[in-house]
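Welcome! Please take a look at the structure below, then try the short exercises that follow.

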Amino acid sequence: MIKKGNLYYPSKDFQKKAIINNPSIYKKAERNPVKFWEDLAKELFWFKKWKKGFVHNPPYFEWFKGGKINITSNIFENNPLGFDKIKNKAALIWEPEPIEERPRILTYYELFREVNRLANGLKDLGVKKGDRVGIYLPMIPEAIISMLACARIGAVHAVVFSAFSPHALQVRLQDTQAKVLITADGYYRRGKIIDLKKNADRGTKNTKVKKVIVVNRTDDKAYPVKWNKGKDIWYEDLTKNQKDYCKPEIMDSEDIFFILYTSGSTGKPKGCIHTCGGYTVQAKFTAKWIFDLKQDDIFWSTADLGWVTGHTYSCYGPLLNGTTFIMFEGAPNWPVPDRWGQIIEKYGVTTFYTAPTAIRMFQKYGTDLLKKYKFETLQILGSVGEPIDEAAWKWYFKEIGKNKCPLVDTWWQTETGGILITCLPGIGPFKPSFTGLPFPGIKFEILNKKGEKCKTGEHGNLIMLPPFCPGLLRGVYKNPKKYLDTYWKEYGKEIYFTSDGALKDKNGLIRIIGRIDDVIKVAGHRVTTGELESAITKLHFITECAVIGIPDEIRGEIPVVFIISKNKIKDIEKQVISQIRKEIGPIALPKKIYSVSDLPKTRSGKIMRRILKKLFSKEPLGDLSTLANPETVEQIKKVIIDK
Ligand code: WT7
């Protein structure tokens, strides 16, 4: 890498070999973004070409209207790379958590047959195009096979993170009305076997799920699986006698491809709707250009399939590019803190894509641990999910990338389907704590409250202008109002509101400041204060509650909870914790819980979380004149100090 001032550029050698290395691409895309995306879309296989690239009826829009496509045909039999060329190459290398267990490698051809068998199995169970299928699986190859099998037959998958609670699963299954769920008996996590089937059984209660397909991951090693006759079916039994070819369903470009839930401001999560054509185009080319994917690459995105990063870059993106990629079942620091480093070396990973929370954790273990690693195979590093501060950026760049790898800090959202802001590795520039330039063809602006463009360096709201991106969500499942209110209200129906605060430097590089709504990013995962509060106030003895996000060294942000209870309750903290575990899952557990007698409120009764935040961090409180009950401030201060 070449350093000029505080900017880093790829070396001449890197630049020469990069797929995209000419900055003129930005100008070209800007002149006609629709044509730019259409030209890319033409490289894919379509059963029928689209009639119109982009159709806009604000706030609704369509991409590649009239086009017919199936993502699995583009991965397998009609892969534009030529299926014969990639057939017998490893698609996915699966590294199990137990060190002594053998990895599993699936070639493109093997994966193709597995996908077809399960697709036929799903059809046998009566799953049809447009039906929703829940997927509640750990990081095992069957999770990818399941997603692809749904895609093959045009069923809409709704993947639910395996560490989510039964309640979180249930809410999602109820919302999608899925009739089939694919899960596993259990999985390994930090040396323990987690009873996933038990959670799945609880989560399918009071839902429309009629059939539960169960992958045998643990062979009854920890406990016997409770079997519901007539409802449960082993994955193995469903697929073993199936034909290994299933005709791909011909999907309209705008048909629903998948639904993925993300936190909403109320207790109910939002089901982001992604469509077949646009998502496929964006997944393929953002993966290819941003990670400079070439045929000899070994790509590792550490994200779980339960998140959008898992969908686009731990599954569809690499597959569409005929790339070999790593899937790891366990935690990156188990059973040794440098397990992730071992994996990079073991498989010769060339591109490593992870989250700042993981980077900070690696950093904390110290550089001694890394002495034995040269990481010679690494060529590109990536970061995603939350702002990466300058110190973590520099550490990642130096200690893992050995000062030679472009570091792409990628900004995007569950809603956008794929990466939208980052510099391209063959062009640059890279600047610590700045995520970079919008992807070619994408128009971002930073606006102030009045809707005027912010000046260089000025904080404002990050928004996206038409034609947006092909992969942007088309709606919130069964909640059109939420779609309008969340994304198309702040600045009108033609401006997509991201809910992020940002600024631009003089080079046009964008720096993300953070969310401006009530979302907190815990270890990169999106949690809203509202959903935590509504989970906690379900406890009958809690009359009121407020949640704030406070900075955390490793996890980025972490919730802190304030509760008011009717009377003194024994083990109240334990109960709050188990309630959060039950309703959401372990990702959202708070750092501290304070029992208080009142919460700071405005005259209209709105809780002022801003004040709680300042009280917690012992910052000056500023103007308190809008408070209806200023006396609470001293009381809460005391509770915080006493604890
Ligand atoms: C929010 C979206 C993107 C897939 C994983 C998260 C924050 C995301 C960055 C980044 C600073 C980032 C934003 C965004 N975010 N990437 N590189 N730098 N902030 O998807 O859970 O939908 O969260 O994550 O606040 O709005 P998500």
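**Exercise 1.** Find where D571 is placed, then work out its phi and its exposure.

*Solution.* Start with the place: D571 sits in the loop between β31 (556-565) and α18 (572-583). Helices (H or I, at least four residues) and strands (E, at least two) are DSSP runs, numbered from the N terminus. Next, the backbone: phi of D571 is near 55°, a positive value in a residue other than glycine. Last, D571 has a relative accessible area of 40% and is partly exposed, because buried means under 20%, exposed over 50% and partly exposed in between (1.4 Å probe, protein chains only).

A word on the source: this is a predicted model, where local features need pLDDT of at least 70 and side-chain atom pairs count only at pLDDT 80 or more, while totals for chains, interfaces and linings use all residues. Residues are numbered from 1 along each chain as its sequence is written, and side-chain values use heavy atoms, leaving out hydrogens and water.

**Exercise 2.** Is F468 buried or exposed?

*Solution.* First locate F468 in the loop between β24 (460-465) and β25 (475-476). Its phi is positive, about 55°, although F468 is not a glycine. Then check the cover: F468 has 0% relative accessibility, so F468 counts as buried.

**Exercise 3.** Describe the peptide bonds from P58 to P59 and from W334 to P335.

*Solution.* Take P58 to P59: this bond is cis, with omega near 0°, and P59 lies in the loop between β3 (52-57) and β4 (60-65). Now take W334 to P335: the bond is cis, with omega near -5°. P335 belongs to the loop between β19 (324-328) and α13 (339-347).
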